[in-house]
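Trainee: I am new to this structure and would like to learn how its terms are applied. Could we go through it together, setting each value against its definition?

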Amino acid sequence: MLKFLKVWTKSKNADSPRYRRDFARELDGMAIKYVTERHGDNDDVIGRSGTLIVKPEEDQFLVYSDSEVLFRCSIPELKAWQLLSGDGVTLTGPDIEHGGVERTIIAFYTYYRK
């Protein structure tokens with residue numbers, strides 16, 4: 001019953017902090033195959049085999065791969081959307097881990113079933 005109410009009252013405004021927190025919670029714990037970053041017309045692989053993590057006490061979203069944090073962003077500033085294929089997610093925001101530089105990365109999921 002509660003899950004039905006959450007879906008029914010879900011925020012539909014992609015720019016609202018509530019929508020961004022809900023979407024980040026959906027991604028929390030997802031295993032990833034690899035992570036790419038776009039430089040011009042080229043996609044460079046920056047990490048393999050990791051996970052997507054939400055730290056609620058700090059209100060941050062992390063992409064963890066290869067025993068290091070590749071991307072760390074405050075959830076209210078994070079812009080995220082699923083790929084049309086459903087194989088991954090695109091994340092854009094100021095990366096705290098790299099001095100606040102605006103970065104866009106794509107994290108591809110490992111195969112899973114919902």
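Trainee: Why is Arg-103 called buried or exposed, whichever of the two applies?

Mentor: The relative accessible area of Arg-103 is 9%, and buried means under 20% relative accessible area, exposed over 50%, and partly exposed in between, with a 1.4 Å probe and protein chains only. Because 9% is under 20%, Arg-103 is buried. Please keep in mind that this is a predicted model, in which local features need pLDDT of at least 70 and side-chain atom pairs count only at pLDDT 80 or more, while totals for chains, interfaces and linings use all residues. Residues are numbered from 1 along each chain as its sequence is written, and side-chain values use heavy atoms, with hydrogens and water left out.

Trainee: What makes the contact of Arg-103 with Glu-37 a salt bridge?

Mentor: A salt bridge is a side-chain nitrogen of Lys or Arg within 4 Å of a carboxyl oxygen of Asp or Glu. The closest N and O atoms of Arg-103 and Glu-37 are 3.0 Å apart, so the pair meets that definition. Arg-103 lies in strand β7 and Glu-37 in strand β1, so this salt bridge ties together parts that are 66 residues apart in sequence. Glu-37, at 12% relative accessibility, counts as buried, and a network of salt bridges links Glu-37, Asp-95 and Arg-103.

Trainee: How do you know that β1 and β7 are paired strands?

Mentor: Strands are DSSP runs of E with at least two residues, numbered from the N terminus, and two strands pair if DSSP finds at least two bridges between them. Five bridges join β1 to β7, so the requirement is met, and the two strands run antiparallel. Val-35, for example, stands opposite Ala-107 in β7.

Trainee: Which order do the strands of the sheet follow?

Mentor: The open sheet has seven strands in the order β4-β3-β2-β1-β7-β6-β5, with antiparallel pairing. Its edge strands are β4 (68-74) and β5 (79-82), each of which pairs on one side only. Elsewhere in the sheet, strand β1 (residues 31-39) and β2 pair over eight bridges in the antiparallel sense, and the bridge partner of Tyr-34 in β2 is Arg-48.

Trainee: What can be said about the salt bridges of Arg-72, and where do its partners lie?

Mentor: The side chains of Glu-58 and Arg-72 meet in a salt bridge at 4.0 Å, N to O. This pair links distant parts of the chain, with Glu-58 in the loop between β2 and β3 and Arg-72 in strand β4, 14 residues apart. Glu-97 also forms a salt bridge with Arg-72, the closest N and O atoms being 2.8 Å apart. Glu-97 lies in the loop between β6 and β7, so this second pair ties together parts that are 25 residues apart in sequence.

Trainee: Why is Glu-97 called partly exposed?

Mentor: Its relative accessible area is 36%, and because this value falls between the two cut-offs, Glu-97 is partly exposed. Glu-58, with 40%, is partly exposed too, whereas Arg-72, at 17% relative accessibility, counts as buried.

Trainee: What is noted about phi of Ser-49?

Mentor: Phi of Ser-49 is near 45°, a positive value in a residue other than glycine. Ser-49 has its place in strand β2 (residues 42-55), and at 55% relative accessibility Ser-49 counts as exposed.

Technical notes:
Helix = DSSP H or I, 4+ residues; strand = E, 2+ residues; numbered from the N terminus.
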